[in-house]
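Here are my notes for you to read alongside the model. They go point by point, so feel free to keep the viewer open as you work through them.

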Amino acid sequence: MADYKSLEEFYSSNGYIHLKKIEKTTYNYNQLENFESDLLRKLTEENLKKLPGYLMGNLNFSPGKFGIDIWNNLLQKEINIIFKNILKEDLNDYEIVYGGNINFPKGGKQYFHMDGNFVPKRYIVHFATSDITLLNGPTEILLSSHKKWLPFWKILFSKLKKRKLTMKKGDILLRPNILWHRGTKNYSEKPRPILTFILTKKKSENLYSEKNKDIFFYKNIFNEGFKGKFVEFIYVKLGILFLVYRFFRSFFVKHGRYS
Ligand SMILES: O=C(O)CCC(=O)C(=O)O
Ligand SMILES: [Fe+2]
């Protein structure tokens, strides 16, 4: 994973990064089979018919201790490198939800969508616990659809190219949540699982925490932009006007609010 420049170019033009299975690792990939058999056993034990998504044929799941194990042993180091060198971000600024998607036989078809909004910033990391082929319902993406915000109707008429993301067992895939994508039909006889790690940017208060070692200045009272500048000007230069405005406004301010 050394050629960051070409990975970066690929990511910014297409909207995803596909990393092949890590070969030099002490992780025993045979454990993935145990995980999948546990998951399939649980599927047969539980009555999931009422769960939203069952009818569509795609459910979310939480992989329990298994997700943390995979994250710690196989993903954390790789994703850290991607964050630092390609996304120019700090992984410590993100919180992780350990999840997964299971795509049922003969189901799983979805419409194109984004996983959330532009804010907060979010990345989706997938890990293939077994091979994902054109047969068993790979995720399909709209290439480059992360570049700017588009409403659904424009997406429907857009000429963006589609690509089904097939993966080998052990492969890692990263995409921003704003890349349009969908689950596709699973034509095989077996459910298709995939692990899904959702990385969401923590609120910016962290900027002011003890973690930030740099001195920096930030705004006081007034808002940014022209309106804020205007109010600040009145406040400073025409203090009496401001006082009168404040006095009258305070009759209407709700209990407990700044007045
Ligand atoms: O399972 C998949 O291939 C994609 C599922 C998905 O995008 C979703 O449920 O939001
Ligand atoms: Fe999705």
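1. Lys185 is partly exposed, because 17 other C-beta atoms lie within 10 Å of its own. On this scale a residue with 20 or more other C-beta atoms within 10 Å is buried, one with 12 or fewer is exposed, and anything in between is partly exposed, with C-beta atoms placed from the backbone. Lys185 belongs to the loop between β8 and β9. Setting aside neighbours within four places in sequence, Lys185 is in contact with Gly108, Lys109 and Gly137; contact means that the two C-beta atoms, placed from the backbone, lie within 7 Å. Lys185 and Ile82 are 103 residues apart in sequence, and 30 Å separates their C-alpha atoms.

2. A word on what you are looking at: this is a predicted model, in which local features need pLDDT of at least 70 and side-chain atom pairs count only at pLDDT 80 or more, while totals for chains, interfaces and linings use all residues. Residues are numbered from 1 along each chain as its sequence is written, and chains are lettered from A and ligands numbered from 1 in the order in which they are written. The helices (H or I, at least four residues) and strands (E, at least two) are DSSP runs, numbered from the N terminus.

3. Which residues surround ligand 1? They are Asn58, Asn101, Asn103, Asp115, Thr139, His181, Gly183 and Ile194, each with its C-beta atom, placed from the backbone, within 6 Å of the ligand. By class, this shell holds 1 nonpolar, 6 polar and 1 charged residue. Here Ala, Val, Leu, Ile, Met, Phe, Trp, Tyr, Cys and Pro count as nonpolar, Asp, Glu, Lys and Arg as charged, and the others, Gly among them, as polar. Strands β3 (94–103) and β8 (181–183) each supply at least two residues of the shell.

4. Strand β8 also takes part in an open sheet of 3 strands, in the order β6-β5-β8 with antiparallel pairing; strands pair if DSSP finds at least two bridges between them. β6 (162–165) and β8 stand at the edges with a single partner strand each, so one side of each has no neighbour in the sheet. From one strand to the next the twist averages 25°, taken between lines fitted to C-alpha atoms, with angles from 0 to 180 degrees between N-to-C directions. β5 (residues 139–142) and β8 pair over 3 bridges, and Glu140 has Arg182 in β8 as its bridge partner.

5. The largest nonpolar core has 29 residues, and those touching the most other members are Tyr16, Ile17, Leu75, Val125, Phe127, Ile172 and Leu174. Such a core is a set of buried Ala, Val, Leu, Ile, Met, Phe, Trp, Tyr and Cys residues joined through C-beta atoms within 7 Å. Helix α3 gives the most to this core, with 5 residues. Beyond its neighbours within four places in sequence, Phe127 is in contact with Ile70, Leu75, Ile172 and Leu195.

6. Some backbone details deserve a look. Most residues other than glycine have a negative phi, and most peptide bonds are trans. The Val119 to Pro120 bond, however, is cis, with omega near -5°; Pro120 sits in the loop between β3 and β4. Lys88 has a positive phi, near 55°, and is exposed, with 8 other C-beta atoms within 10 Å. Ser144 has phi near 70° and lies in the loop between β5 and α4 (152–157).
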